[in-house]
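Me: Please take a close look at one part of this model for me, the turn and the elements on either side of it, and set out in a connected way what can be said about it.

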Amino acid sequence: MDDQKAQVMRECAAGSGSGELTFPEIVGRLMDIGVERYHADYSRQEITYYVSAR
């Protein structure tokens, strides 16, 4: 994974936590960088992203 994708993921996670980004905005940004799906486990404070191999 490159630094640009990692930065988008961090921004989406932060924007979600602060309420700054809406769910559709987050999904759109993640789709743009090739994320096919993700799993957020808030009790463990973990987010796992699944990125396509494009």
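Reply: Gln45 is found in the loop between strand E1 (35–41) and strand E2, in a model that is predicted. The two strands form a hairpin with four residues between them, and they run antiparallel, with six bridges joining E1 to E2. One of these pairings can be named: the bridge partner of His39 is Thr48 in E2.

Within the turn, the backbone of Gln45 deserves attention, for this residue has a positive phi of about 55° although it is not a glycine. Most residues other than glycine have a negative phi. Gln45 also counts as exposed, because its relative accessibility of 74% lies above the 50% cut-off for that class.

The residues on either side of Gln45 are linked through their side chains, since Arg44 and Glu46 meet in a salt bridge with an N to O distance of 3.6 Å, which falls within the 4 Å limit for such a pair. Side chains of opposite charge can pair when their charged atoms come close. The count of salt bridges by this rule comes to one. The two partners fall into separate accessibility classes: Arg44 counts as exposed because its relative accessibility is 56%, whereas Glu46, with a relative accessible area of 37%, is partly exposed.

Moving on into E2, which spans residues 46–51, one comes to Ile47. Ile47 is partly exposed because its relative accessibility is 35%, and together with Phe23 and Tyr38 it makes a nonpolar surface patch of about 290 Å².

The segment after E2 contains Ser52, which counts as buried because its relative accessibility of 19% is under the 20% cut-off. Leaving aside neighbours within four places in sequence, Ser52 is in contact with Gly34 and Glu36. Its C-alpha atom is separated by 9.2 Å from that of Arg37, a residue 15 places away along the chain.

What lies on the inner, buried side can be followed through Leu30, which touches Tyr38 and Tyr49 as well as Met9, Cys12 and Val35, when residues up to four places away in sequence are not counted. Leu30 belongs to the largest nonpolar core, a set of eight residues in which it is joined by Val8, Met9, Cys12, Leu21, Ile26, Ile33 and Val35. Helix H1 (3–18) and helix H2 (23–32) each supply at least two residues of this core, and the largest share, three residues, comes from H1. In soluble globular proteins, nonpolar side chains tend to be buried together.

Taken as a whole, then, the part in question is an antiparallel pair of strands with the positive phi of Gln45 in its turn, a salt bridge between Arg44 and Glu46, and a nonpolar surface patch to which Ile47 contributes.

Notes. Residues are numbered from 1 along each chain as its sequence is written. This is a predicted model: local features need pLDDT of at least 70, side-chain atom pairs count only at pLDDT 80 or more; totals for chains, interfaces and linings use all residues. Side-chain values use heavy atoms; hydrogens and water are left out. Patches are made of residues with over 30% relative accessible area and no salt bridge: like charges are joined within 9 Å, nonpolar side chains (Val, Leu, Ile, Met, Phe, Trp, Tyr) within 5 Å. Accessible areas come from the Shrake-Rupley method with a 1.4 Å probe; for residues, only the protein chains shown count as cover. Buried means under 20% relative accessible area, exposed over 50%, partly exposed in between (1.4 Å probe, protein chains only). A nonpolar core is a set of buried Ala, Val, Leu, Ile, Met, Phe, Trp, Tyr and Cys residues joined through side-chain atoms within 4.5 Å. Contact means heavy atoms within 4.5 Å. Two strands pair if DSSP finds at least two bridges between them.
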